[in-house]
Amino acid sequence: MSQTSDHPKWQPDSISSVEKRVNEIDYDFSKFTVQDFTKWVAAQTGRIIFLEKCEELKYPTGFWFLSDEGAHVFYSAHLNQILETITILHELMHIFLGHETKYISAQQSPLLLLEECLVGASTRNPLERNGEDNEAENAALLLLRRIEASQTNSMSDVLNFMDI
Ligand SMILES: [Zn+2]
């Protein structure tokens with residue numbers, strides 16, 4: 001009997017290729033820190049990556065854009081350590097996976113982009129993430145599992161507690 005549509009895939013195809021790429025990441029997660037992993041992504045992608053903690057940002061918890069200088073990750077200053085890590089990993093995975101984003105020239109202010117982001121967030125249904133957001137989120141969660149698997153310290157306990 002041929003395959004029917006009775007059993008539609010519940011995940012888009014892209015998830016398995018993202019999973020493959022994350023599993024193939026050749027990084028020593030036992031020494032994971034956000035700064036160190038950011039340097040690794042920068043080396044892999046040939047981009048300078050700037051991490052900016054942002055007081056004005058609450059939701060979305062983070063966003064990224066490109067400029068002539070490199071890739072910029074803005075993240076909220078109002079997150080606990082785990083959510084901050086997940087947010088930064090999510091944005092780093094956009095960069096790692098070669099996703100598209102806004103380009104801001106040196107003359108434009110990132111604050112304008114932040115404003116646009118906030119307006120967008122207030123009118124966007126959070127259930128309607130785009131495909132690249134889903135990929136980045138899945139990649140970030142897969143990374144957390146790899147970090148957890150490589151560590152025996154308290155971060156692992158926190159991740160267990162969160163049932164990630
Ligand atoms: Zn995203």
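Two residues are taken to be in contact if their C-beta atoms, placed from the backbone, lie within 7 Å. By this criterion, in the predicted model described here, the buried residues of helix H3 pack against H2, S1, S2, strand S3 (71-76) and H5. The surroundings of H3 therefore serve as the starting point for this account, after a brief outline of the chain as a whole.

The protein chain contains six helices and three strands, which follow one another from the N terminus in the order α-α-β-β-β-α-α-α-α. Of its 164 residues, 21% are buried. Among contacts with a separation of 6 or more, 58% are formed by residues 24 or more positions apart.

Helix H3 (81-96) is largely enclosed by the rest of the structure, because twelve of its 16 residues are buried. These buried positions are Thr85, Ile86, Thr87, Ile88, Leu89, His90, Glu91, Leu92, Met93, His94, Ile95 and Phe96. The end C-alpha atoms of H3 are 22 Å apart, in agreement with the 22 Å that its 16 residues should span at 1.5 Å a residue. After the helix comes Gly98, with a positive phi near 75°.

Within H3, His90 offers a view of the packing around this helix. His90 has 25 C-beta neighbours inside 10 Å; the cut-off for a buried residue is 20 or more, so His90 counts as buried. Leaving out residues up to four places away in sequence, His90 touches Gly62, Ala136, Glu137 and Ala140. Glu137 lies 47 residues from His90 in sequence, yet their C-alpha atoms are 5.5 Å apart in space. Helix H5, which comprises residues 131-150, is among the elements against which the buried residues of H3 pack. The 20 residues of H5 reach 29 Å from the first C-alpha to the last, close to the 28 Å expected at 1.5 Å a residue. The buried residues of H5 are Glu135, Ala136, Asn138, Ala139, Ala140, Leu143 and Leu144; two of the residues touched by His90, Ala136 and Ala140, appear in this set.

Helix H2 (residues 34-45) also packs with H3. Its twelve residues reach 16 Å between the first and last C-alpha atoms, close to the 16 Å expected at 1.5 Å a residue. Phe37, Thr38 and Val41 are the buried residues of H2. Viewed down the helix axis, these buried residues fall within an arc of 105°, so they line one face of H2. Gln35, Asp36, Lys39 and Ala43 are exposed on the other side. The cover over the buried residues of H2 includes strand S1 (49-54) and helix H3. Gly46 follows H2 and has a positive phi near 70°.

Two packed helices are described by the angle between their axes and the distance between the axes. The axes of H2 and H3 come within 10 Å and cross at roughly 5°. Angles under 35 degrees count as roughly parallel, and H2 and H3 are therefore roughly parallel to each other. Val34, Thr38, Val41, Gln44 and Thr45 make the contact from H2, and Thr85, Ile88, Leu92, Ile95 and Phe96 make it from H3. Classified by residue type, this contact has six nonpolar, four polar and no charged residues.

Further features concern strand S2 and the loops. Phe65 is located in strand S2 (residues 62-66). With 18 other C-beta atoms within 10 Å, Phe65 is partly exposed. Beyond its neighbours within four places in sequence, Phe65 is in contact with His72, Thr101, Lys102, Tyr103, Ile104 and Leu113. Ile104 is 39 residues from Phe65 along the chain, and their C-alpha atoms are separated by 7.0 Å.

Glu100 lies in the loop between H3 and helix H4 (110-123). Glu100 has 8 C-beta neighbours inside 10 Å and, because 12 or fewer marks a residue as exposed, counts as exposed. The C-alpha atoms of Glu100 and Trp64 are 9.8 Å apart, although the two residues are 36 residues apart in sequence.

In the loop between S1 and S2 lies Pro60, which is joined to Tyr59 by a cis peptide bond with omega about 0°. Most residues other than glycine have a negative phi, and most peptide bonds are trans.

Note on methods: Residues are numbered from 1 along each chain as its sequence is written. This is a predicted model: local features need pLDDT of at least 70, side-chain atom pairs count only at pLDDT 80 or more; totals for chains, interfaces and linings use all residues. Helices (H or I, at least four residues) and strands (E, at least two) are DSSP runs, numbered from the N terminus. The expected span of a helix is 1.5 Å times one less than its number of residues. The arc is that of the directions from the helix axis to the C-beta atoms. Axes are lines fitted to C-alpha atoms, for helices over the stretch in contact, and angles run from 0 to 180 degrees between N-to-C directions. Angles under 35 degrees count as roughly parallel, over 145 as roughly antiparallel, 65 to 115 as roughly perpendicular and the rest as oblique. Ala, Val, Leu, Ile, Met, Phe, Trp, Tyr, Cys and Pro count as nonpolar, Asp, Glu, Lys and Arg as charged, and the others, Gly among them, as polar.
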